[in-house]
Amino acid sequence: MAPGAVSAAIPTVTPGAAPVKAGSAGRVRTVAEPTAAGPAAPDGRDGPDGPAGPAGPFAPTGRTVAPSPLDPGASRDPHPIHRALREEFPLTYDPLLRAWVLSRYADVAAALTDSRFTHGHRPGDPPCTRAHVDVDMGELRSVTERTAYVLARRIAERPQADLVADFCHWLPAGTVAAAVGVPYRDMMRLVRGRAAGALAGECGGQIAVREKALASFLGNVLADPDQVAALRDAPTALVARAWAESLRRDPPVQIAVRRTRSEVRVSGGIIPAGASVALLVGSAGRDPERFREPDRFDPFRDDPGQLTYGSGFCPAVLLAGLEAEYALRALFTAMPRLRLADGFRPAAHGLITRAPRSLIVRPGG
């Protein structure tokens, strides 16, 4: 499981508390709290004992039921659900997640760093930064570059390839394998366990997250010929901006779970102490209150920001950025005319983690 992500072990009990007021755009409504007998369903959603919450109109659309991030169809396209939550239900209790849901950038960003929330492991946050010492950055750069070029050359002569299966799946594991001296043929068997731990400790589990982040990054670049032209021979700083922009627009971890240590006021009301809270990282990254044209992939934007990684030093964070940079350089060097296959458009899938399942390309153009 990716650090901080929702898993099958989602808490099954949310402590009861006094009713909480929640609203949006000047509208205030009473939100029912879960109880010891089972989670009640605020925002008009049916709970175990029947409807809970008022039935009157809540927004100009007349919507009275908050959509769930786990609703059918969310895996294919969660963005309409995220939009409705940001605009109409900035604080709502979701019985499927058994957690309060935050969807706006300001609330999610604060919850990831506020001491009133428990902190899951997010690479690059201060506790993570203090745990890593004696990491040879030059060596990491060298092994990342070498691994990316080996993988790119292996697919360069094919008439068609899937970059997810043939490149993204192998680069993060191969980089760690090379860094710790695991033979290439053994890397998938060993690198996800003790080898990864030897390099990155708690961050070893980030290999799967880096795979998904890299797939989304390459999909974002290759989907637009203008981006291909801009990034083909781009300096490191511009590639880093494009990488951060991809993490904002298409974060590999869509939902992170925290628990409140005390009452916390957010834009939709007050979350009680001891409550589970689902942070919609994917929604926060597309909040128009924070980002202009939030659905657009734009490495040149002047309002950047991403929530997948913290800002401190961590091998997993460093490797992810290096893999993005050398993936582009290796692929475009080995395949100067690389492009998406005719008629193919990248499509992301997933609820908790999310990325394209395939990237079908024509290496020879």
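In this predicted model, Leu331 is in contact with Ala152, Ile155, Leu163, Phe167, Leu218 and Leu338, neighbours within four places in sequence being left aside. A second, separate core of 20 residues includes Tyr105, Leu112, Ala284 and Phe291.

Leu331 belongs to the largest nonpolar core, which has 54 residues. Together with Leu163, Phe167, Phe217 and Leu218, Leu331 touches the most other members of that core. Several elements each supply at least two residues. Among them are helix 4 (137-155), helix 5 (163-168), helix 6 (171-180) and helix 8 (206-222). Helix 9 (225-231), helix 10 (236-249) and helix 12 (315-334) also contribute at this level, as does strand 15 (360-362). Helix 12 gives the most, with 11 residues.

Strand 15 also takes part in an open sheet of three strands. The strand order is 7-15-12, and the pairing is antiparallel. Strand 7 (161-162) and strand 12 (339-340) are the edge strands, each pairing on one side only. Two bridges join strand 7 to strand 15. Ala161 has Val361 of strand 15 as its bridge partner.

A further antiparallel pair is formed by strand 5 (residues 91-94) and strand 6 (residues 99-102), which are linked over four bridges. Across this pair, Asp94 stands opposite Ala99 of strand 6. The two strands form a hairpin with four residues between them. Within the hairpin, Arg98 takes a positive phi near 55°. Side chains alternate along strand 5: Leu91 and Tyr93 point one way, Thr92 and Asp94 the other. All four of these residues are buried.

The largest pocket has a volume of about 400 Å³. Its lining comprises 18 residues. Asn220, Ala223, Arg249, Asp250 and Pro346 lie nearest the pocket centre. By class, the lining of the largest pocket has six nonpolar, five polar and seven charged residues. Helix 8 provides the largest share of this lining, three residues. Helix 8 is also one of the elements that supply at least two residues to the largest nonpolar core.

Technical notes
Residues numbered from 1 in each chain as written. Predicted model: local features only at pLDDT ≥ 70, side-chain atom pairs only at ≥ 80, totals over all residues. Heavy atoms only, no water. Core = buried A, V, L, I, M, F, W, Y, C linked by side-chain atoms within 4.5 Å. Buried < 20%, exposed > 50% of the residue type's maximum accessible area, 1.4 Å probe, protein only. Contact = heavy atoms within 4.5 Å. 1 Å grid on protein atoms, 1.4 Å probe; cavity = no way out; pocket = protein on both sides within 12 Å on 5 of 7 lines; lining within 4 Å. Points joined across faces, edges and corners; volume = space filled by probe spheres on them. Nonpolar A, V, L, I, M, F, W, Y, C, P; charged D, E, K, R; others polar. Pairing = 2+ DSSP bridges.
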